[in-house]
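Me: I have a small structure to go through and would like to work on it by question and answer. Could you walk me through it step by step?

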Amino acid sequence: MNNETTIVKCPTCHKPVVWGEQSPWRPFCSKRCQLIDLGEWADEEKRIPSKEEISDSEEWSEDR
Ligand SMILES: [Zn+2]
């Protein structure tokens with residue numbers, strides 16, 4: 001028999017996740033949970049686009 005289903009628990013929200021092709025974010029249930037675990041989710045929230053932070057002097061340095 002080849003229809004074994006492996007269920008893992010999402011490390012972030014502890015939801016059951018089927019370990020298979022249909023779960024690209026395994027062992028996480030979703031990309032969101034993966035990002036949370038990596039600490040990138042909070043980082044993304046913090047990273048509010050600020051135009052003042054963009055320094056155009058570096059981008060256009062070739063035209064000095
Ligand atoms: Zn999850």
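Me: What percentage of the 64 residues in the protein is buried?
Reply: Keep in mind that this is a predicted model. A residue counts as buried when its relative accessible area is under 20%. Of the 64 residues in the protein, the share that is buried comes to 12%.

Me: Which pattern does the protein follow, read along the sequence?
Reply: Let's begin with the parts. The secondary structure comes to three helices and two strands. Read along the sequence, these follow the pattern β-β-α-α-α.

Me: Which residues make up the largest nonpolar core?
Reply: In soluble globular proteins, nonpolar side chains tend to be buried together. Here the largest nonpolar core has five residues in all. They are Val8, Cys10, Val17, Phe28 and Cys33.

Me: Is Val17 buried or exposed?
Reply: Val17 is found in strand β2, and its contacts include Val8, Cys10 and Phe28. The cut-off for buried is under 20% relative accessible area. Val17 has a relative accessible area of 4%, so the word for Val17 is buried.

Me: How many Å separate the C-alpha atoms of Val17 and Cys29?
Reply: Along the chain, Val17 and Cys29 are 12 residues apart. Cys29 is also among the residues that Val17 touches. Their C-alpha atoms are separated by 5.5 Å.

Me: What are the protein donors of the zinc ion?
Reply: Look for sulfur atoms labelled SG, lying 2.3 Å from the zinc ion. In sequence, the donor residues are spaced C-x2-C-x15-C-x3-C. The donors are Cys10, Cys13, Cys29 and Cys33.

Me: What is the site of the zinc ion, tetrahedral or irregular?
Reply: The site has four donor atoms, with angles of 103 to 120° among them. Four donors count as tetrahedral if all angles lie between 85 and 135 degrees. The angles here fall in that range, so the site is tetrahedral.

Me: How many residues apart in sequence are the parts that Cys13 and Cys29 tie together?
Reply: Both residues are donors of the zinc ion. Cys13 lies in the loop between β1 and β2, while Cys29 lies in the loop between β2 and α1. The pair therefore ties together parts whose separation in sequence is 16 residues.

Me: Which residue's backbone oxygen lies 2.9 Å from a polar atom of the side chain of Thr12?
Reply: Thr12 lies in the loop between β1 and β2 and is partly exposed at 25% relative accessibility. Beyond its neighbours up to four places away in sequence, Thr12 touches Phe28, Cys33, Ile36 and Asp37. The backbone oxygen lying 2.9 Å from a polar atom of the Thr12 side chain belongs to Cys33.

Me: Which residue's backbone oxygen does the side chain of Arg26 reach at 2.7 Å?
Reply: Start in the loop between β2 and α1, where Arg26 lies. With a relative accessible area of 29%, Arg26 is partly exposed. Its contacts include Val17, Trp19 and Glu21. The backbone oxygen that its side chain reaches at 2.7 Å is that of Gly20.

Me: How many Å apart in space are Arg26 and Cys10, C-alpha to C-alpha?
Reply: Cys10 is one of the donors of the zinc ion and also part of the largest nonpolar core. In sequence, Arg26 and Cys10 are 16 residues apart. In space, C-alpha to C-alpha, they are apart by 7.5 Å.

Notes
Residues numbered from 1 in each chain as written. Predicted model: local features only at pLDDT ≥ 70, side-chain atom pairs only at ≥ 80, totals over all residues. Heavy atoms only, no water. Core = buried A, V, L, I, M, F, W, Y, C linked by side-chain atoms within 4.5 Å. Buried < 20%, exposed > 50% of the residue type's maximum accessible area, 1.4 Å probe, protein only. Donors = N, O, S within 2.8 Å, 3.2 Å for Na, K, Ca; no water. Tetrahedral: all angles 85-135°; square planar, octahedral: opposite > 155°, others 65-115°. Helix = DSSP H or I, 4+ residues; strand = E, 2+ residues; numbered from the N terminus. Contact = heavy atoms within 4.5 Å. Polar contact = N/O pair within 3.5 Å; in protein donor to acceptor, adjacent residues only side chain to side chain.
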